[in-house]
Every structure is written in C-alpha cells, then in structure tokens.
Amino acid sequence: MSGNDHQYKIESDKLQSCVREQLKFEFYRAYMSAAGVSPERLGTFQDNLRAPIHRWFKYPAGFSYRLVEALIDDKNLAPGNWLLDPFVGCGTTSVVAKEHGINSLGIEAHPFVWWVARVKCFWEYDMQSLQRSMLTLIRHLHQARLGEMETVDRYPALVHKCYSPVNLQRLDFIRDAISRLDCSDEERDFFLLALTDTLRTASKAGTGWPYIAPNKYHEKQERDAIEVFCHQVQMMYKDLSVVQERRQQYERVECRLLQMDARQPYPVESESMDLAITSPPYLNNYDYADRTRLEMYFLGWAQSWGDITDQVRDKLIIAATTQIRRSAFPDDPLSHELQELAPRIHAELSDKIRQLEKMRLHKGGKKSYDLMVAGYFNDMFQVLKQVYRVMKKGSEFVLVLGDSAPYGVYIPTEEYLGALGLAVGFGGYRIRELRERGGKWGHNPQRHKVMLKESLLTLVK
Ligand SMILES: C[S@@+](CC[C@H](N)C(=O)[O-])C[C@H]1O[C@@H](n2cnc3c(N)ncnc32)[C@H](O)[C@@H]1O
C-alpha cells in the first residue's frame, strides 16, 4: 500500500465516526470540521477525484464515496447484506460496497454511464496479462509518428471544436491502437475507459462543456493526449493492484449492475435489500444526456442530438426541459395515482405548476418548467414504489437531494419526496441539510435569487 493510500484509509476512518455523529445529532457540523472534512462535500464528486477506482472517470453528478462508507458503517452492514442504488451513475455506491464485501444492486439507465460503472466494478483481471497489454500499448503509442498520420475528419463538429487537429489525431490514434490490441474484452474496456477520461483532461475546452459551448472565453491549456492517457492508464493499473491485495475480501461478493429504468420493477425478491443509498437527478434542468455528448460522440455511440435523445434522453426520469414534449402531457400533468395517494402534495404541486405555466408565457425562453416539475414527481413516485417493495422492514432509503426554484418558484423537493415516501408505505422520514448551494450564479441577472440547499432525506420502511 502506498503512502497516499494509507492516508486515505485513516482519513476515511476518522470521517466515518464523524458522519455517524452527523446522522444522529443535528450539530454534526462541528464534528465534521474537527475532522477536517466538510459535510458540504458529501453530495459532490470532489473526494472521489483522488480516491482509487473512483477517480477513473470524473463524473460531476457523482457523490462522495465517503458518504457511502459512513452509511455502511452506521448501519453495521456486513458481508452477505445487500445495498441498493437505483440511480447508481458511474458506480460510487457499488465500488464502496464491493470494497467492503457487501453485495450490491446498482441500476442505471444511461448506457454510457452504466458502462463506466461496469468497468470500474470489474477487478478480476489477470494482472500479469493486463500489464503486458498495457506495456505493449504504451510502447506502440510512444513510437507514433503523427506527421505521417492522416488528418482526422470523421467526428461530429463538437469533437473537433475541443481539440487542435494534432491532439485529435493523437486521440484517434490511441483509439485505433486499442481496437487493434491483442487482448481480452475486459482489458480493452479498461483501456477505453482510460481514453474516455483522457478526453476532458486533454481538451482545450474549459470545464462545463459541452453544457457551456466550447469557445475562446472558456478555453484552457490543451494537453498532449498520449501523455495524459499513459498517465491515466498507469494510475488505473496501480489502483487495481491495491484492490487486488484485498482480493479475498471481495471474491465472493455480488456486484450486480443493471442497465434499466429505475421506475420499472427490479428483478430481485421483495424485502431483500438491507439499505438503499442514492442521489437521483435533481430538479434543476441538468440534462445528463447532454453532459456526456463528447464521450458518446468520440466513442462512436452517437452522431447527433437526435441519436442521444433516442438512446439516452428519453430513457431518463424527467429533470430537464430538454426532455419535455408538451403534447405528451394531459391537462392535469400530475398522475392520478399521485393524486389519489398523496392529495396534499398533489394540491401544493398543482398550485406551483399553474404558477409556472403562467410565468413561462412572459419569459423569453418559455421554458416548460411546469411540466418538468410534474414529470419529475410522477417519475420519482414510481421509483419510490419500486424501492419500497425491495427494502426489508425497518431498513432505510437515504437520498442525497437538492431543492429547486425554477423561475423563482420554490420547490422543497426533499419534503415532497418525504411525503410521497409515506404515501407509498414508508413509515417515516427525516431530513438533514448538508450545504447551501446556488450562490455562484448570483451575478447572473436571469437567475432567481432563492438560496438553495442540498440535503439527506432518510425514509424508513
Ligand atoms: C445524480 S446521478 C447519480 C450519481 C451517482 N451517485 C455517482 O456517484 O455516480 C443520477 C443518475 O441517475 C441516472 N438516471 C436518470 N434517470 C434514470 C432512470 N429512469 N433509471 C435509472 N437511472 C436513471 C442518470 O443517468 C444519472 O447517472
């Protein structure tokens, strides 16, 4: 174990006891800051950027692995227990569960993100063979003579905008070398993931793209793609060596990752899960399909916005106006089931939806926030039902959530989802605030001035 890994373990031990306090007492902030860890980070990907395996792909929508560690510890989960994450993203929950010898079921509907989770959760490589393949690949890349390569022109325009022609040649050369390498399918996926993470590090387009379209203003220093890739792949190999040392611990662990819709029944028995942890999409108009456009374009999984809508956007729960087709909604956009089982929430939501419907007519973008809100709660209601079915009696479902204020109309997401949880059968819920958020947009005159937060909602069955 390297010096850094050791430090990582000690920090997480300290943190676990602190978060345990956090979950039991309202004054957790003092404990967290005494340990040098801020609860503000638990809902973010920041801690994962330096943690083995988690750092294989930078997913800004991810949460901290430390939250999962703390909850496993707090609930005394042991080998043989099952942990569910219905929005597993790039696999933070599954990686931590596997490290701790806990069985896990992760659900993810986004095909690319699901693939990332799968690669991160496969550790059963023949390390000698992997090392041989890696060294062959690196040697081949270092012999590359870029001047003699053909100019690359087969990618969608967005990809070309993110790189100089020579750096795109390098990326394309790596991709080609991986596809020709004589190695196992798992090894090829391992190298492809290293290349996928290289895409953003090597790019000259600044962070936030393609959400914020690449342009001069957002440009950063471009980095040699071959150097970045070789560094990344060696770092990933080192991480695997660390987890392989603990091989016995995870050898008999089940780590199931299903590419499916979290609103549909999960193929497991009722009352089989000991704990569920998740972070669903927030109701904040963030388009997950758009966020991974560069990766999907580069890998050749999609060529256009339309491809991404078919393969991704239409498969996710509604959380962005780009997913809305107004004609697909009836006059009362909230579901009858929600109205029947949760009449108070239905009434409150209907009132806010009507406000948003009127407001949009006077706004430049005429954003369909009204239907986005309705679609979000319809969808989350279905997810709560599915999770409820598979949880054991007395077990907990912990959600990291953000509230929202489209056009300034405040939506207390965690309170509404808590109440919807009761409507599907959960016995109780509690909410704890992790951090305030949204302050960084203060300079934007278009944006509302409502201060938002991120919270933990715990539903108890
Ligand atoms: C906030 S992210 C979760 C990130 C995760 N905690 C991690 O650390 O990687 C929410 C995830 O929900 C996924 N998602 C959205 N709609 C879904 C659906 N209907 N079924 C399953 N997953 C869905 C999105 O693709 C996204 O990856």
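Two residues are in contact if their C-beta atoms, placed from the backbone, lie within 7 Å. A residue is buried if 20 or more other C-beta atoms lie within 10 Å of its own, exposed if 12 or fewer, and partly exposed in between. Helices (H or I, at least four residues) and strands (E, at least two) are DSSP runs numbered from the N terminus.

The model is predicted: local features need pLDDT of at least 70 and side-chain atom pairs count only at pLDDT 80 or more, while totals for chains, interfaces and linings use all residues. Residue numbers start from 1 along each chain as its sequence is written.

**Whole chain.** Begin with the full chain, which holds 18 helices and 7 strands. Of its 461 residues, 43% count as buried. Among contacts between residues at least 6 apart in sequence, 71% join residues at least 24 apart.

**Strand β2.** Select residues 103–108. All 6 of the 6 residues of this strand are buried, so β2 is largely enclosed by the rest of the structure. N103, L105 and I107 point one way from the strand, and S104, G106 and E108 point the other way.

**The neighbours of β2.** Add β1 (residues 82–85), which pairs with β2 in the parallel sense over 4 bridges; two strands pair if DSSP finds at least two bridges between them. The bridge partner of L83 in β2 is S104. Between these strands the chain passes through helix α4 (residues 92–99), and this β-α-β crossover is right-handed, meaning that, with the strands pointing away from the viewer, the path from the first strand over the helix to the second runs clockwise. Next show β3 (residues 255–259), which runs parallel to β2 and is joined to it by 5 bridges. Here S104 has C255 as its bridge partner.

**Strands β4 and β5.** Return to β1 and add β4 (residues 273–278); 2 bridges join these parallel strands, and L84 has A276 as its bridge partner in β4. With 6 of its 6 residues buried, β4 is largely enclosed by the rest of the structure. Then select β5 (residues 391–402), which pairs with β4 in the parallel sense over 5 bridges. T278 stands opposite L399 in β5.

**Helix α10.** Select residues 225–245. At 1.5 Å times one less than its number of residues, this helix of 21 residues should span 30 Å, and its end C-alpha atoms are 31 Å apart, which agrees. Its buried residues include I226, F229, V233, M236 and L240. Seen down the axis, the buried residues of α10 fall within an arc of 155°, so they line one face of the helix; the arc is that of the directions from the helix axis to the C-beta atoms. The face turned away from the buried side carries exposed K238 and E245. The buried residues pack against α6 (127–142), α8 (165–180) and α9 (185–202).

**Helix α6.** Move to α6, where L130, S133, M134 and L137 are buried. Those buried residues fall within an arc of 100° seen down the axis, so they line one face of the helix. On the other side, Q128, L135, R139 and H142 are exposed. What covers the buried residues of α6 includes α8, α9 and α10.

**The nonpolar core.** Finish with V116, V373, Y376, F377, M380 and L420, which touch the most other members of the largest nonpolar core, a group of 123 residues. Such a core is a set of buried Ala, Val, Leu, Ile, Met, Phe, Trp, Tyr and Cys residues joined through C-beta atoms within 7 Å. Its largest share, 13 residues, comes from helix α17 (residues 369–390). Leaving aside neighbours within four places in sequence, V373 is in contact with L283, L349, K352, I353, L356, P406 and I411.
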